Each structure stands twice: as structure tokens, then as C-alpha cells.
Amino acid sequence: MELSFSMINTVLFVVGVIVMICGWRFFNWVWLKPKKMDKFLREQGLNGNPYKFLYGDMKEMVQMTADAKLKPINLTDDIVPRIMPFLYNSAKIYGKGKNFYTWMGPRPFVHVTEPALILQILANYSQFQKINGGNPLAKLLARGLVDVEADQWAKHRKIINPAFHVEKLKHMVPAFYISCTEMINKWEELTKEKSSIRKEEKIFELQKEQAALVIKAFQSIYIPGSRFLPTKSNRRMKEIDRDVKTTINKIINKRVTRMKAGESSSDDLLGILLDSNYNEIKQKGNTNFGLSTEEVIEECKLFYFAGQETTANLLIWTMILLGQHTNWQDRARDEALKVFGKRKPDIDGLNHLKVINMILLEVLRLYPVGIGLGRMIHEKTTLGNIILPAGSLLQLHMMLLHYDNEMWGDDVKEFKPDRFAEGVSKATKEQASYFPFGGGPRICIGQNFAMLEAKMALVMILRSFSFELSPSYIHAPHTIITLQPQYGAQLILHKL
């Protein structure tokens, strides 16, 4: 009996020690470490809200964003306060020295708005890496090239790069044309019965739903292990992930079967990616040098979301702005007709569209696809004259810089494509104050692809229709991963 009491006491002691250790670690995570970081950042000359236990600024940020989405704005209003109200206010209060910080739960987020510092961050991708922490459920949306680092990034980039080479893009232009022709035909037959949904369209819809669920996941504190709980949101995210992977896997298997049968691969992103992957494995004689089927699927998920979503939103905002500024719509149409007439657009002509290129660059300034870029550091790092501790999170503020009148002038809020008449470098006072596709070694690999797609679509739209904003259009820009119109884009089309 005495032995049993002794064993019980030992077990209770061990449990007590474990509870104390876990309790101390939790207390350190949610209070001591944040308070220490708060003091350290203030000593570096940065300012921000005092840390609030556990949630930091997240409750206020989520509430202000929700409130902003309830109120549409006028076409002439500044869109930044609606898109990122909390950060806009924080920048006004604490960002007078340009950089400031907020609290994402118990972790500080350093917001960088100085172009020189942004240039330093973008140039050093190995030191300033993509943010890979937070809620693991977010990875269900897309991983691939955007998510990997170091040697894995180099391998993925090497294999994917051929798909975006200028010679390969030249072969994709006919596919752009066919896709745009289908779009124009659908617009011309809007009153007819809706066609069946193809596999590719199904993937787009699922990825959109996944994006909305990811945003919801980001707006809450992630408790380790909670992703395994059978909540409605968790179940749906995993269900979408399975459906998308299964659909893409079937498409890949069909392509691989055709390749093994000796058929030439398609001149599209997937065909070129599979070719490049096969050649890399064959050249090195080892499958470790290529991408696994799972990695190819993740790259395809990224193509479907990043490729389709970004170009689609660029075109939507372009039509909204050209629907307002019909003088620029007329100039763009005149250029399209002068360069191509009624013939099929080709890559050389698309690359020489000056007016349309200026318009797209200005749209990307006013309505960038993403409002900023997230980065993190794993070791103590000096950024300009700021010393940042290991584990610091950083946000590179594209939106704040794109609307900074010190960089662009007093007409910063106006739609003026001719500010890009002499190219991007002459349009602004400083490098890295305009970076809709990122910058440095990790600049968006699909930049040229996206611009060619957008130019092709815009040329074909302008040749077929004139358009204007409908009186029913409600101006309400908001973000669900990408910047998009909350209530859609109602336009009145006139067949030419």
C-alpha cells in the first residue's frame, strides 16, 4: 500500500512538473516574449499599438475590416481605408517614420514602407523568406513554387522556368486566342442557356471557395492541432483539397499516358511542365532531381489559382476603369485596330502595344492583385538601421506605396496611364515603390504570361465591344487573397 502511494505521488509530481513547464511556455509565448519584443522594437525607433494579451490587434483588425465591407464607397474615394482600414489607420498614427508594427496574435508584424528597405528584402530571398507559419490549413489552397525555399525553390524554379520562356509563350498565344474567342462568344450569347461546367472551371470554383475559407482561418488564432478537429470549415477545406487533387491527377495521368504513347505534349503550362520534369529526370538519371506527382499537382493548383485569379481580376479592374474613362478606352481600341485590324493577334504585336501596356500598368498600381508581400526571418537580421530578432514577420506594403503622393505626385489617386509613358523606372521617384509582381530573384515567374493573357483578352474585347459602367455597379473593392470587387462588376456592353 505504501508503494502504491509512493507511485501515485511520483506520478502526480511528474504531471505537476509537466503542467508547470507547459504553463510557463504558454505564459512566455503569450505574454513575456511579446512584451520583450515590444520593448525591443520601440528601442529600434518603431512604433505600434501596445501588445494585448493573446489576440494582439487581431480582434480590432477583423472588426474594422468587417465594418468597412458594409459600406460601399464612391468611385472617386480613396480605396485604401476600405481595403485595409486597420493598417491604414496604424500607418497614419505610427508610420510617420514610414515603418511601424502591429500584432498578429502574440507575434509582432513589422510593416515596411520604405522602398530602399523593400529593395533590400526582395534582393535577398534566402534571408527574407516567404511566411510559412500560421495556420497549416492555409497550405491547402496552393503550395508549389510560392511555398518552397532554398534548394527546393531552386529545383522547382529550374523545372518550371521553361514553361514561361518567351519561345514557349509564343506557342501559347494561339491558346490564349481560342480561350478569348470562347469568352467573346459567350458574351455575345448571354441570353442562351448556360453551358456545362468543364473540369478546369470546376477547379477554379473550388479554389475560389478554398480562398474564402483560408481568409477565415487567418483571422483567428491557430491552436496547434486544431486543424484535426472535425469542424465544418476544416471538413470542407479538406474535401475541396481532395476534389481538386483528384481532378488534377486525372488530367495529369491522361497527359502522361499520351506522352508514353509517343504523342507530343500540349503547348500549355502543364504539357511544358511535364516535359521539363521528364527531361530533368532523364538528364540526371534520378527521380530525386524531378518533381513528384504530388509536387506537380501542387504546381498545377498554383497555376489554377494564381494564374487564373490574378489575370481575371486585372481584366475586371481594367474594364471598370475603362468603363469610367472612355477616352482611354477609345485610345486603347484605336491602338488595337491599328496594330491588328481584324487579324488574329500575335506575340510580336502584343509586345508592341504601348497604350494598352500603359493602361495595364496603371491598373496594377491602383488595383494591385495583392495588397502586400509577407516575409519572415529565421535569424537576427539587420534591415537598414533596424535590428530585427529571429522569427520576425514583415509585410512589404505595396498598397501604401502605390498610393503614396510623395512617390507619385498629387495626382496619385487619379487614373493616369500616361505616367507610364516612359516605362516603370521613369514613372516614380524610387525603385521598389511599384512592385505588383514582386521583385528580386523571386519575382513572379508568370509576369510575362499574365501580361500577354491580359493584352490578348483586352484587344479582343475592345474590337468586339464598347462598354460603360452600369448604374447598378456598386464600388466596393475588398480582398479575398486577391483584390476584387465585392459585388461584382456590372458593365453595359455594346456590340461593335
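The following legends describe close-up views of a predicted model of one protein chain.

**Figure 1. Overview of the predicted chain.** The protein chain has 496 residues, of which 46% are buried. Its secondary structure amounts to 18 helices and 11 strands. When contacts between residues at least 6 apart in sequence are considered, 73% of them join residues at least 24 apart. The mean pLDDT of the chain is 84, with 88% of residues at 70 or more.

**Figure 2. The segment of residues 191–197.** Throughout residues 191–197, pLDDT remains under 50. The model gives this segment three contacts beyond four places in sequence. Where pLDDT is low, predicted coordinates should not be read in detail.

**Figure 3. The annotated span of residues 6–27.** An unreviewed UniProt entry annotates residues 6–27 as "transmembrane region". In the model, this span is 100% helix and 0% strand. A distance of 31 Å separates the C-alpha atoms at the two ends of the span.

**Figure 4. Ile356 in the largest nonpolar core.** The largest nonpolar core contains 121 residues, and Ile356 and Met399 are the members that touch the most others. Beyond its neighbours within four places in sequence, Ile356 contacts Ala332, Glu335 and Ala336. Its contacts further along the chain are with Lys455, Leu458, Val459 and Leu462.

**Figure 5. Surroundings of Asn99.** Asn99 occupies the loop between helix H4 (85–94) and strand S1 (100–104). Asn99 counts as buried because its relative accessible area is 6%, under the 20% limit. The side chain of Asn99 forms a polar contact of 2.5 Å with the side chain of Glu114. A polar atom of the Asn99 side chain also lies 3.0 Å from the backbone nitrogen of Thr113. Not counting residues up to four places away in sequence, the residues touched by Asn99 include Leu46, Tyr94, His111, Val112, Leu117 and Ile386.

**Figure 6. The hairpin of strands S9 and S10.** Strand S9 (residues 477–480) pairs with strand S10 (residues 482–485) in the antiparallel sense, over four bridges. His478 has Gln484, in S10, as its bridge partner. One residue lies between the two strands of this hairpin, and Ile481 adopts a positive phi near 70 degrees.

**Figure 7. Asn313 beside residues of strand S10.** Asn313 belongs to helix H11 (residues 293–324). Its relative accessibility is 5%, and Asn313 is therefore classed as buried. Leaving out residues up to four places away in sequence, Asn313 touches Thr482, Leu483 and Gln484. Gln484 is also the bridge partner of His478 in the hairpin shown in the preceding view.

**Figure 8. The annotated residue Cys444.** Cys444 carries the annotation "binding site" in an unreviewed UniProt entry. In the model, Cys444 is located in the loop between helix H17 (424–427) and helix H18 (447–464). Cys444 is classed as partly exposed because its relative accessibility is 34%, which falls between the limits of 20% and 50%.

**Figure 9. Thr65 and Leu87.** Thr65 is part of helix H2 (residues 58–68). With a relative accessible area of 18%, Thr65 is under the 20% limit and therefore counts as buried. The C-alpha atom of Thr65 is 9.9 Å from that of Leu87, a residue 22 places away along the chain.

Methods: Residues are numbered from 1 along each chain as its sequence is written. This is a predicted model: local features need pLDDT of at least 70, side-chain atom pairs count only at pLDDT 80 or more; totals for chains, interfaces and linings use all residues. Side-chain values use heavy atoms; hydrogens and water are left out. pLDDT is the predictor's confidence in each residue, from 0 to 100. Contact means heavy atoms within 4.5 Å. A nonpolar core is a set of buried Ala, Val, Leu, Ile, Met, Phe, Trp, Tyr and Cys residues joined through side-chain atoms within 4.5 Å. Buried means under 20% relative accessible area, exposed over 50%, partly exposed in between (1.4 Å probe, protein chains only). UniProt positions are given in the numbering used here, feature names are shortened, and annotations may be inferred rather than shown by experiment. Two strands pair if DSSP finds at least two bridges between them. A polar contact is a pair of N or O atoms within 3.5 Å; within protein, one must be able to donate a hydrogen and the other to accept it, and residues adjacent in sequence count only if both atoms are side-chain atoms.
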